[in-house]
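Work through the following exercises with the sequence and the structure side by side, and try each task before reading its solution.

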Amino acid sequence: MLSGFPPNSELYAGAIVSLFSDIKGGKSLHFEGSKVFLEFERNRASQPQAQFKTSDFNFDSHVLDAVNLALKKRHFRNKPLLVYTNEKATRDLMAIGELERIKSIKSKPGASVQDGLLLSQRKLVPITLPSYGTHQITVTEVINAGSFWAHLSDANIHADLMELMESIRTSRYPPLLLPPGNMPGQYCLAKYAEDGLYYRARIDNVVTIADNMVQAQVWFVDYGNSEAVSLDDLCELPTELCRLPMMAFECNLKGIKPNPALSPDGKWTLDAAVCLQQLVAQKLMYFDVYSNMNNTLRGDLYDTTSHRDTLINRVLVDEGFAVSCDEPAISELAHQRGTQLRSTAEKRQDLEGGVKEPVYTTAVPWSQELRHMYTSMQLSGKYPKHIVGNTAITPVILKGPTSPYEVTFYSLTAIGSMCPVRVEKESVNAIVVNSEPQDVHERMMFAVQILLSSNTNAILVRDVTLMPNIHGLIHILCILFAPVVEMRTDELRRQYTGAICGLGFDPATGASLCPDHDIELTFDTLFTQQDLKLINGIRRAICLAIGSEVVSQWGESATKQIQEKARELLREVLLKPRESVTLHPHHDRGWNQVAPEHILVSEEQGEEEGGPLPLYPLHNGIVIAEQMLDKHKSTRVMYLRVKMKELHRLASLSRTANDHLLCELCNIKCRNPQELLLHLQEKMHTIKESELYVDDTV
C-alpha cells in the first residue's frame with residue numbers, strides 16, 4: 001500500500017507503474033482516497049509440472065516474491081518517494097476524460113487485427129463457480145498436496161469442451177506474430193508436446209534459453225498445466241473460440257498445511273504431491289465447497305469410489321504429510337457470506353458465481369500502457385509552461401510501500417524488551433510478511449550480531465535466520481539452552497504457564513545474577529512434565545557427549561550413540577503436536593517464586609551432586625496438583641463419553657444439515673451428518689475415542 005496521494009489519485013496510475021516497473025507480476029491498482037493498493041498476480045507458469053518436481057511452491061503459506069520486492073523498495077531508495085502535482089494540469093486531465101481512458105487501457109502498439117477485434121482484446125473469462133454445496137469434479141492437474149486444478153463433471157460442460165477441441169483440431173489458424181515483449185498476458189493456441197495437439201493457452205512469460213532459442217511459458221487454461229513452448233508452436237486465438245470460459249478452476253484443500261516434521265520451510269514435499277496424485281488419478285471425486293475466493297475453491301475432497309467415503313484431507317494427515325490448521329481469515333469471511341447466500345438460495349436463483357468482496361475501491365489494470373505523457377511530469381515535476389500556466393507545482397511525499405501483514409520483532413531479554421528491533425536492510429529477512437495471519441502463535445528469529453543504535457533507542461540485528469513456524473519452539477529452545485530455568489504455574493498449580501530463564505539468583509539475597517538478560521516466557525501451548533523430562537534428557541546427553549571425561553574414554557562410537565539419542569529426544573519434543581492454551585502472564589517477575597515444598601527435583605539431579613559442575617545442569621520442575629488433575633480428568637472423560645454417544649447417534653440417524661456437529665474430542669466441526677460419520681471413522685479419532693475407555697475394568 002502507498003498512501004499520501006493528492007485528490008484524484010487514479011490520475012497517477014502511470015507514475016505508480018513506472019515506480020514499480022522493475023517488478024514483474026503486477027495485476028492491478030486499487031485506489032481508495034489518498035491510498036493506492038498494489039495487487040500482484042501469481043505466476044501460474046511456476047506452479048504445475050516444474051514445481052511439482054521440486055515442490056517449491058505452496059499457495060497457502062508463502063508470500064509472492066513480487067510483494068517482498070515491492071516492500072523492500074522502502075529500504076533501498078535513496079530519496080523520498082514522491083510525485084509532483086499541479087492543479088491546472090489535473091483539471092485538464094479531468095476535462096479530457098483522462099480518468100476514463102486510464103480505466104479502459106488501449107491495446108498495445110503493433111497488435112494485429114483479425115475479425116475486427118484486436119488480439120490483445122481477446123480475453124477469456126473464468127468459469128462461473130458456486131460458493132457452496134458438494135460437486136462432482138475430475139482432477140486435471142496436481143500443483144502440490146494442497147492445491148490442484150479440476151473440471152466440473154457436468155455433461156453439458158463436457159460436451160462444450162469436446163466441441164471446442166474438435167473445432168481446434170479440424171481448423172487451421174495463423175501463427176502468432178507478436179513481438180516477444182508484447183506476448184506476456186496474451187491468449188493464444190499453443191501446442192502440447194505430449195500429444196501434438198493445440199489447446200487454448202495464456203502466455204505467462206517469454207524466456208531465452210541456450211543457443212538464443214526463445215520459448216514461451218504458457219498456461220493451458222482448460223486443464224491447468226503449464227509448459228515451455230517454442231514461439232513457432234503458437235497460433236492466434238480466433239474470436240469464436242473466446243466464447244467458452246476457461247474450463248479449469250483451482251481448488252485448495254481446507255484445514256491442512258505441510259507437516260513441520262517433513263517440511264520445516266512450510267513447503268509441500270514431493271512425496272506428498274505424489275500421494276495426492278495417486279489418490280485422485282482416474283477418479284470422479286466430490287468436492288465440498290467451504291469458500292469461494294476469487295474463483296478459487298477451498299473445501300474437502302472426497303473419494304466415494306470404495307464402499308466407504310474417504311476424506312482426502314484427512315488421509316494426508318493420517319499419512320503424516322499434513323497437519324490440521326485453522327482456515328485463513330479471508331476464507332472464513334467468504335464462507336460466512338456463502339452461508340448467507342445458501343440460506344436465501346430458494347428465493348434468489350441467480351446467486352452462483354462465488355462470493356465477491358464488496359467494492360470500496362476503484363480498480364485499474366496494471367499495464368505498461370499507463371505510462372502516458374503525464375507520467376514523467378508527475379515524477380520529475382517538469383511540466384511544460386503551456387500546460388501549467390502560472391499555478392504552482394507541488395511535491396507530494398508518499399508513504400510506503402507497507403503491508404498490514406508485515407511482522408515486527410521484539411527482544412526476549414529484559415533489557416531489550418522495551419526497545420524496537422530493526423533488521424539490517426541488506427538482510428533477506430529485512431521484510432517479513434506473515435503468510436498465516438490466522439495463526440496467533442509467535443515465531444522466533446535468531447541473529448548473529450546484535451547492536452544498539454547510537455542515534456535511537458533501537459536494537460539493530462544482522463545475519464538473521466527466521467525459524468520454522470513450529471508452535472512452542474521459542475519456549476522449548478529457551479528452556480533447552482538456558483543455564484538456569486525456574487518454571488511458572490497458575491495459582492492452583494494445574495499446569496505450567498511459563499518460565500524465567502537466565503543465570504539464576506543469589507541464594508543469600510534472592511536477587512537475579514544478571515537481571516538485564518533474564519528472559520520471561522509465557523506459554524501459548526501446553527507444556528507438560530514429560531516435555532521437561534525430554535529437555536533434561538537432551539541436556540544430560542549433551543553433557544555426556546562433550547563434557548564427560550568418562551565418555552570420552554569409551555570411544556567415538558559411544559559418543560555417536562549419545563548424539564543420536566539426543567537427536568531422537570529433540571525431534572520428539574519439537575515435533576510433538578501441541579495444544580493451544582490461554583495465556584497466563586506472570587505479573588510477579590523475578591526469581592525464587594516457587595515454595596521449596598513445591599519444587600520437583602529432576603530424577604537424575606542427585607547423580608550430579610558432589611561431582612564437577614555440569615555444562616547444562618538439569619532443570620527442576622514444579623509439583624503439579626495431580627489429585628485435582630485426576631478429578632478434572634475423570635469428569636472430563638465421563639462428559640466426552642456422553643458426547644461421543646450423541647455424535648454417533650446423530651451420524652447414523654440424522655440426514656439433515658446441522659451446524660452444531662462439533663467433535664469436542666478432536667475440536668473439529670462438521671457441517672453435516674455425512675461429514676461427521678467420516679470423521680468418526682478416521683484413524684486419529686478412533687484412537688482418541690478408545691483412550692476414553694482405557695481405564696475401565698472388565
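Two strands count as paired if DSSP finds at least two bridges between them, and this is the sense in which pairing is used for the predicted model shown here.

**Exercise 1.** Determine which residue of E26 stands opposite Arg-488, and describe how E25 and E26 pair.

Solution. Begin with the strands as a pair: E25 and strand E26 (residues 496-502) are joined by six bridges in the antiparallel sense. Next, locate the single positions, where Arg-488 faces Gly-498 of E26 and Met-487 has Ala-499 as its bridge partner. Finally, follow the chain between the strands, which form a hairpin with six residues between them; in its turn, Arg-493 has a positive phi of about 55°.

**Exercise 2.** Work out the strand order of the open sheet that contains E26, and state which strands lie at its edges.

Solution. The open sheet has three strands in the order E25-E26-E27, paired antiparallel. Its edge strands are E25 (484-489) and E27 (519-522), since each of them pairs on one side only. Neighbouring strands are turned by 20° against each other on average, direction ignored. On the E27 side, four bridges join E26 to E27, and Ile-500 has Glu-520 as its bridge partner in E27.

**Exercise 3.** Establish how many residues of E26 are buried, and which helix lies across the three strands.

Solution. Taking buried to mean under 20% relative accessible area, one finds that seven of the seven residues of E26 are buried. Helix H12 (residues 473-481) lies across E25, E26 and E27, and runs at about 140° to E27.

Methods:
Residues numbered from 1 in each chain as written. Predicted model: local features only at pLDDT ≥ 70, side-chain atom pairs only at ≥ 80, totals over all residues. Heavy atoms only, no water. Helix = DSSP H or I, 4+ residues; strand = E, 2+ residues; numbered from the N terminus. Axes fitted to C-alpha atoms, helices over the stretch in contact; angles between N-to-C directions. Contact = heavy atoms within 4.5 Å. Buried < 20%, exposed > 50% of the residue type's maximum accessible area, 1.4 Å probe, protein only.
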